Amino acid sequence: MVPRCQRMICSESQVEVLYFAKSAEITGIRSETVSVPQEIKALQLWNEIETRHPGLADVRNQVIFAVRQEYVKFGDQLLLLQSGDEIVIIPPLVEDSAFEPPGKGTDEVEEKSKDIIKFTSEKLSVDEVSQLVISPLCGAISLFVGTTRNNFEGKKVISLEYEAYLPMAENEVRKICSVIRQNWPNT
């Protein structure tokens with residue numbers, strides 16, 4: 001573990017660490033307040049969290065790490081934390097997938113009114129979703145309709161629960177929409 005700075009020299013911040021899916025299962029909690037140096041490298045912050053919950057070492061190379069609703073890669077990136085900041089530990093949707101955050105520099109203001117982003121716990125209707133996106137400018141509508149298998153890790157699946165950190169999920173979907181519109185303006 002990388003040593004912390006001297007408490008008299010470096011101020012501490014009280015940050016909220018949020019755990020989702022597998023990380024919540026490993027830690028046994030959904031959130032906790034942690035005291036960390038205000039200036040800390042991303043990898044050092046992860047090490048601080050992992051020290052508190054050694055089981056997280058098992059998912060270290062699989063998790064997505066976010067600070068203030070922005071993805072952060074483990075490494076030497078210096079973080080300037082303030083008390084109340086949120087640190088989020090999110091396992092990826094696909095195990096062993098490499099994570100690359102979407103590019104920056106897109107113009108979101110112009111595109112917001114064109115994008116329909118809705119998170120719901122209600123059952124989705126393919127017909128209703130199709131009607132939301134139909135346009136005389138488009139030649140087709142493509143929808144992905146999936147299901148889950150009846151087993152996972154040798155256990156019978158009796159229900160499926162999807163977790164999301166909604167404020168960040170909404171922001172990331174807006175970014176994806178903006179990148180798509182920038183690369184394919186007629187989309």
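**Entry 1: the helix across the sheet**

Before quoting an angle I set down how it is taken: axes are lines fitted to C-alpha atoms, for helices over the stretch in contact, and angles run from 0 to 180 degrees between N-to-C directions. With that settled, I looked up helix α5, residues 166-183, and found it lying across β4, β5 and β7. Against β5, α5 runs at about 90°. I remind myself that this is a predicted model.

**Entry 2: overall layout**

I went through the secondary structure and got five helices and nine strands. Along the sequence I read the pattern as β-α-β-β-α-β-β-β-β-α-α-β-β-α.

Next I checked burial: of the 187 residues in the protein, 28% are buried. I also looked at contacts between residues at least 6 apart in sequence, and 65% of these join residues at least 24 apart. For the surface I noted about 13,300 Å² exposed, with carbon and sulfur atoms supplying 52% of it.

**Entry 3: the sheet**

In what order do the strands of the open sheet run? I wrote down β2-β1-β7-β4-β5, five strands with mixed pairing. At the edges sit β2 (31-37) and β5 (70-72), each pairing on one side only. From one strand to the next the twist averages 35°.

I then spent some time on β4, residues 64-67. Its pairing with β7 (residues 86-90) is antiparallel and covers four bridges. Alanine 66 has valine 88 of β7 opposite it, and valine 67 has isoleucine 87 as its bridge partner in β7. Towards β5, the pairing of β4 is again antiparallel, over three bridges. Here valine 67 turns up once more, with glutamate 70 as its bridge partner in β5.

Are the faces of β4 covered or open? I found both covered: Ile64 and Ala66 are buried on one side, Phe65 and Val67 on the other.

The hairpin of β4 and β5 has two residues between the strands. Within this hairpin I picked out arginine 68, which takes a positive phi near 50°.

**Entry 4: salt bridges on α5**

Side chains of opposite charge can pair when their charged atoms come close. I searched the whole structure for such pairs and got eight salt bridges. I followed up a few that involve α5.

Glutamate 70 and lysine 175 meet through their side chains at 3.0 Å, N to O. I traced this pair back to distant parts of the chain, with glutamate 70 in strand β5, lysine 175 in helix α5 and the two positions 105 residues apart. Which of the two partners is buried? I worked with under 20% relative accessible area for buried and over 50% for exposed. Glutamate 70 comes out at 31%, so I log it as partly exposed. Lysine 175 comes out at 15%, so I log it as buried.

Lysine 175 has another partner, glutamate 172, with the closest N and O atoms 3.1 Å apart. Both of these residues are in helix α5, three residues apart, about one turn of the helix, and both are buried. I put the two bridges together as a network linking Glu70, Glu172 and Lys175.

Further along α5 I looked at arginine 181, which forms a salt bridge with aspartate 115; their closest N and O atoms are 2.7 Å apart. This pair, too, links distant parts of the chain: aspartate 115 is in the loop between α3 (108-111) and α4, arginine 181 is in helix α5, and they are 66 residues apart. I checked burial on either side: aspartate 115 is at 15%, so it goes down as buried, and arginine 181 is at 16%, so it also goes down as buried.

**Entry 5: a nonpolar patch**

Last stop was the surface. Which residues make the nonpolar patch of about 710 Å²? I listed Ile116, Val126, Leu132, Val133, Ile134, Ile141, Leu143 and Val145.

I took Val145 as the one to look at more carefully. Valine 145 lies in the loop between α4 (126-133) and β8 (151-152). Why do I count valine 145 as exposed? The cut-off for exposed is over 50% relative accessible area, and valine 145 has 59%, so it counts as exposed.

How values were computed: Residues are numbered from 1 along each chain as its sequence is written. This is a predicted model: local features need pLDDT of at least 70, side-chain atom pairs count only at pLDDT 80 or more; totals for chains, interfaces and linings use all residues. Side-chain values use heavy atoms; hydrogens and water are left out. Patches are made of residues with over 30% relative accessible area and no salt bridge: like charges are joined within 9 Å, nonpolar side chains (Val, Leu, Ile, Met, Phe, Trp, Tyr) within 5 Å. Accessible areas come from the Shrake-Rupley method with a 1.4 Å probe; for residues, only the protein chains shown count as cover. A salt bridge is a side-chain nitrogen of Lys or Arg within 4 Å of a carboxyl oxygen of Asp or Glu. Buried means under 20% relative accessible area, exposed over 50%, partly exposed in between (1.4 Å probe, protein chains only). Two strands pair if DSSP finds at least two bridges between them. Contact means heavy atoms within 4.5 Å.
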